[in-house]
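Me: Could you take a close look at one small part of this one for me, and then work outwards from there? I'm happy with plain talk, as long as you spell out the cut-offs.

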Amino acid sequence: MANGQGPDAGERGNMNPTSVEDKLAVNKFDIDRDVHIKVNDRICQKCQEHPCLYTCPASCFKLMEGHITFSYEGCLECGSCRIACDKGAIEWILPRPGFGICYEYG
Ligand code: SF4
Ligand code: SF4
């Protein structure tokens, strides 16, 4: 800040807006071999709305050829899917201590 009123042109030029994907890429994961989220496929087959697809910030849920697939490896441990799924298809616990995501950006 050159004059105390905000960033000057040079500083603005150095500002580098970072995408969500870029921010997610700096997180570190120590993947637990014990799966901490289980999704009941039989319940998902009867689900029409798939709110999990739209609430998971890490895109752990995908719709492939009409079926929901889930991978826990990139999970951010936010718990959104547990709230979004109103069919009781999700069993959710935290990974064991020392495993899971390590946030670089707090
Ligand atoms: S919202 Fe629940 S039941 Fe529906 S597809 Fe997602 S996990 Fe399965
Ligand atoms: S806890 Fe969050 S990041 Fe992990 S699968 Fe559920 S919605 Fe996605």
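Reply: Start with Glu65, which lies in the loop between β3 and β4. Helices and strands here are DSSP runs (H or I over at least four residues for a helix, E over at least two for a strand), numbered from the N terminus. Keep in mind that this is a predicted model, so local features need pLDDT of at least 70 and side-chain atom pairs count only at pLDDT 80 or more, while totals for chains, interfaces and linings use all residues. Residues are numbered from 1 along each chain as its sequence is written, and chains are lettered from A and ligands numbered from 1 in the order in which they are written.

Back to the turn. β3 and β4 form a hairpin with two residues between them, and the strands, residues 61–64 and 67–70, pair in the antiparallel sense over four bridges. Pairing takes at least two DSSP bridges between two strands. One of the partnerships sets Phe61 against Phe70 in β4. Most residues other than glycine have a negative phi. Glu65 has a positive one, near 50 degrees. Glu65 also counts as exposed because just 5 C-beta neighbours sit inside 10 Å; the scale is buried at 20 or more other C-beta atoms within 10 Å, exposed at 12 or fewer, and partly exposed in between, with C-beta atoms placed from the backbone.

Glu77 is another non-glycine with a positive phi, about 60 degrees. You'll find Glu77 in the loop between β4 and α5 (80–84), and it is partly exposed because 15 other C-beta atoms lie within 10 Å.

Phe61 takes us inwards. It belongs to the largest nonpolar core, together with Val39, Cys44, Cys52, Cys81, Cys85, Ala89 and Ile90, eight residues in all. A core like that is a set of buried Ala, Val, Leu, Ile, Met, Phe, Trp, Tyr and Cys residues joined through C-beta atoms within 7 Å. Cys81, leaving out residues up to four places away in sequence, touches Cys52, Thr55, Cys56 and Ile90; contact means backbone-placed C-beta atoms within 7 Å.

Cys81 turns up again at ligand 2, where 13 residues surround the ligand and the closest are Cys56, Cys75, Leu76, Cys78 and Cys81. To be near a ligand, a residue needs its backbone-placed C-beta atom within 6 Å of it. That shell splits into nine nonpolar, three polar and one charged. Nonpolar covers Ala, Val, Leu, Ile, Met, Phe, Trp, Tyr, Cys and Pro, charged covers Asp, Glu, Lys and Arg, and the others, Gly among them, are polar.

Ligand 1 has residues around it that include Val39, Cys44, Cys52, Cys85, Ala89 and Ile90. Its shell is 10 nonpolar, one polar and one charged, and α3 (41–44) and α4 (51–55) each supply at least two of the residues. Lys87 is in that shell too. Lys87 sits in the loop between α5 and β5 and is partly exposed because 13 C-beta neighbours are inside 10 Å. Beyond four places in sequence, Lys87 contacts Ile43 and Cys47. Lys87 and Ile43 are 44 residues apart in sequence but 7.1 Å apart, C-alpha to C-alpha.

Last stop is Arg96, in the loop between β5 (90–92) and β6 (100–102). Arg96 is exposed because 12 other C-beta atoms lie within 10 Å. Outside its neighbours within four places in sequence, it contacts Asp32 and Asp34.

Conventions
Two residues are in contact if their C-beta atoms, placed from the backbone, lie within 7 Å.
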